[in-house]
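Here is a short briefing on one chain. It covers confidence, the sheet, the helices and the nonpolar cores.

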Amino acid sequence: MEQEGVRKFTLDWEQGPAPALPAMKQLADWRDILHAWGLVGANPARYGGIGFGNLSCRTATGFLITGSQTGALPRLGPEHFCSVMDWDIPGNRIHAEGPIAPSSEALTHAACYVANPAIHWVFHVHSPELWHAAPSLGLPSTDPAIAYGTPAMAEALAALAGHLPLPCLIRMGGHEDGLVAAGPTAESAGAILVQRLALA
């Protein structure tokens, strides 16, 4: 397994003001909920203390995503979000604007939005319990040989997310404890996590 939180794509980032988007409050609220559940955060005993987990939502021009290495923060403000405006998955490139660089998983989020136009919310979380219970729960999984944050991971997730009924929960086989929940609403993406956690 590779180190968490390391950006692997080429980033074209225009530093600027916080995005003024109506969905930001809902995204921040859900991020705080998932942080309280321990699905987003930072823990000295896990991944060398590096922050983990990130959330995004589709916008008219791309998607809004939590910023790089914000997992340790108990709450997020507007300065902790950025807008991803364009992406090239095969070319491994992201173009973003805002006060902070996008999460290292931005390419994966982009792939989900490309795969299914009905996906409007993507929650990337870490749960050792869910990750290890995935086979018994029947969760679809990417190939364990595919590393996180790569075009191959993005394409593997897109292949699954593009054909699964929504909301869906996918185990990232090559990303220790990593899962992606995607749905048409924030509530649906959050609900599938709660439901599966109760069974793990």
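pLDDT is the predictor's confidence in each residue, from 0 to 100. This model is predicted. The chain averages a pLDDT of 91, and 96% of the residues score at least 70. Eight strands form an open, mixed sheet.

**Confidence**
- Residues 1–5 have pLDDT under 50. The model gives this stretch 22 contacts beyond four places in sequence.
- Where pLDDT is low, the predicted coordinates should not be read in detail.

**Sheet**
- The strand order is 1-5-4-3-2-6-8-7, with mixed pairing.
- Strand 1 (10–15) and strand 7 (168–171) stand at the edges. Each has a single partner strand, so one side of each is left without a neighbour in the sheet.
- From one strand to the next, the twist averages 25°.
- Strand 4 (residues 81–88) and strand 5 (residues 93–98) run antiparallel, joined by five bridges. Val 84 has Ala 96 of strand 5 as its bridge partner.

**Helix 3**
- Leu 130, Trp 131, Ala 133 and Ala 134 are the buried residues of helix 3.
- They pack against strand 7, strand 8 and helix 5.
- Gly 138, just after helix 3, takes a positive phi of about 75°.

**Helix 5**
- Helix 5 (residues 186–199) has 14 residues. Its first and last C-alpha lie 21 Å apart, close to the 20 Å expected at 1.5 Å a residue.
- Buried in helix 5 are Ala 186, Ser 188, Ala 189, Gly 190, Ile 192 and Leu 193.
- The cover over these buried residues includes helix 1 (24–36), strand 6 (121–126), helix 3 (128–137), strand 7 and strand 8 (178–183).

**Nonpolar cores**
- In soluble globular proteins, nonpolar side chains tend to be buried together.
- The largest nonpolar core has 28 residues. Ile 94, Ile 119 and Val 122 have the most contacts inside it.
- Two or more residues each come from strand 3 (62–66), strand 4, strand 5, helix 2 (106–115), helix 4 (151–161), strand 7 and strand 8. Helix 2 gives the most to this core, with six residues.
- Another core, of 26 residues, lies apart from this one. Among its residues are Leu 64, Phe 123, Ala 134 and Ala 181.
- Leaving aside residues up to four places away in sequence, Val 122 touches Asn 54, Leu 55, Ser 56, His 109, Cys 112, Tyr 113, Val 180, Ala 181 and Ala 182.

Technical notes:
Residues are numbered from 1 along each chain as its sequence is written. This is a predicted model: local features need pLDDT of at least 70, side-chain atom pairs count only at pLDDT 80 or more; totals for chains, interfaces and linings use all residues. Side-chain values use heavy atoms; hydrogens and water are left out. Two strands pair if DSSP finds at least two bridges between them. Helices (H or I, at least four residues) and strands (E, at least two) are DSSP runs, numbered from the N terminus. Axes are lines fitted to C-alpha atoms, for helices over the stretch in contact, and angles run from 0 to 180 degrees between N-to-C directions. Contact means heavy atoms within 4.5 Å. The expected span of a helix is 1.5 Å times one less than its number of residues. Buried means under 20% relative accessible area, exposed over 50%, partly exposed in between (1.4 Å probe, protein chains only). A nonpolar core is a set of buried Ala, Val, Leu, Ile, Met, Phe, Trp, Tyr and Cys residues joined through side-chain atoms within 4.5 Å.
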